[in-house]
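Please open the model in your viewer, with a cartoon for the backbone and sticks available for side chains. The tour below moves from one selection to the next and says what is found at each stop.

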Amino acid sequence: MKLWPRVRLPKTFKPTHDTAGLPGFPAIDVFAAVNTLVMPPEGGRIVYKHYIPWDPVKRVGGWTCYLQGDSGATYFLTHFANCRRDGRVLRFMSIGRVGYVPDHAWQPHIHEGKHEGIYSP
């Protein structure tokens with residue numbers, strides 16, 4: 001049985017940049033190898049999942065989801081190769097895998113933006 005590498009997204013962090021086009025979601029990038037399993041920052045509910053076509057100029061793309069955490073915070077998570085469907089997730093469950101960036105425009109990572117409160121996309 002193969003064990004896949006994992007990365008846990010942090011529940012608290014010092015933001016390094018904003019989430020472009022989504023004010024109120026200060027963010028960090030969590031770097032990991034392509035196909036690394038991604039563990040959520042906390043338990044909660046994935047409320048919206050969609051695919052953004054890759055745009056290396058705007059530096060956006062990949063599977064994206066919003067996680068409403070049990071703490072009341074909402075997380076914007078993107079650059080997945082795939083991610084879990086809407087529904088309940090626990091802290092120890094994988095919510096997806098890190099995706100690759102076309103043309104190696106930048107290193108593979110998950111962009112994690114956090115909004116203090118409920119956000120409805």
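Which residues does Ile95 touch, not counting residues up to four places away in sequence? Select Ile95 in this predicted model and display its surroundings: Ile95 touches Val38, Pro40, Ile46, Leu77, Phe80, Asn82, Cys83, Arg84 and Val89. Keep Val38, Leu77 and Phe80 highlighted, since together with Ile95 they touch the most other members of the largest nonpolar core, which has 18 residues. The elements that give two or more residues to this core are E2, strand E5 (60-69) and E6, and the largest share, 4 residues, comes from E6.

**The whole chain**

Now zoom out and colour by secondary structure, which shows 9 strands and 0 helices. With the radius of gyration at 13 Å and the globule rule giving 14 Å for 121 residues, the protein is as compact as a globular protein of that length. Along the principal axes, the C-alpha trace spans about 40 × 35 × 25 Å. If you colour by accessibility instead, buried residues make up 42% of the 121 residues. A contact map adds a further view: among contacts between residues at least 6 apart in sequence, 62% join residues at least 24 apart.

**His111 and Phe31**

Select His111 next, in strand E9 (residues 109-115), where it counts as buried at 8% relative accessibility. Show the side chains of His17 and Thr19 as well: the side chain of His111 makes a polar contact of 3.4 Å with that of His17, and another polar contact, of 2.8 Å, joins the side chains of His111 and Thr19. Beyond its neighbours within four places in sequence, His111 is in contact with several further residues, among them Ala27, Ile28 and Asp29, as well as Phe76, Leu77, Thr78 and His79.

From His111, draw a C-alpha to C-alpha distance to Phe31, which should read 8.7 Å although the two residues are 80 apart in sequence. Phe31 is found in strand E2 and is partly exposed, with a relative accessible area of 47%. Leaving aside its neighbours within four places in sequence, Phe31 is in contact with Gln107, Pro108 and His109.

**Two backbone stops**

Which sign of phi would you expect at a residue that is not a glycine? Most residues other than glycine have a negative phi. His79, one of the contacts of His111, nevertheless has a positive phi near 80°. His79 lies in strand E6 (residues 74-83) and is buried, with a relative accessible area of 5%.

Move to Asn35 for a second case, where phi is positive at about 75° although the residue is not a glycine. Asn35 is found in the loop between strand E2 (27-31) and E3, and it is partly exposed, with a relative accessible area of 32%.

**Charged side chains**

Where are the salt bridges, of which the structure holds 2? For one of them, select Asp70 and Arg88, whose closest N and O atoms are 2.8 Å apart. Asp70 lies in the loop between E5 and E6 and Arg88 in strand E7 (residues 87-89), so the pair ties together parts that are 18 residues apart in sequence. Arg88 is partly exposed, with a relative accessible area of 43%.

For the other, select Glu116 and Lys114, where the closest N and O atoms are 3.7 Å apart. Glu116 is exposed, with a relative accessible area of 64%, whereas Lys114 is buried, at 13%.

Finish at Glu42, in the loop between strand E3 (37-39) and strand E4 (44-55). Glu42 is buried yet has no salt bridge, and the nearest side chain of opposite charge, that of Lys11, is 4.1 Å away. Because a salt bridge requires a nitrogen and a carboxyl oxygen within 4 Å, the pair of Glu42 and Lys11, at 4.1 Å, is not counted as one. What the side chain of Glu42 does have is a polar contact of 2.7 Å with the side chain of Tyr75. Leaving aside neighbours within four places in sequence, the contacts of Glu42 include Lys11, Tyr75 and Arg91, along with Asp70, the residue already selected for its salt bridge with Arg88.

Definitions and conventions: Residues numbered from 1 in each chain as written. Predicted model: local features only at pLDDT ≥ 70, side-chain atom pairs only at ≥ 80, totals over all residues. Heavy atoms only, no water. Buried < 20%, exposed > 50% of the residue type's maximum accessible area, 1.4 Å probe, protein only. Lys, Arg positive; Asp, Glu negative; His and termini not counted. Polar contact = N/O pair within 3.5 Å; in protein donor to acceptor, adjacent residues only side chain to side chain. Contact = heavy atoms within 4.5 Å. Core = buried A, V, L, I, M, F, W, Y, C linked by side-chain atoms within 4.5 Å. Rg over C-alpha atoms; globule rule 2.2 N^0.38 Å.
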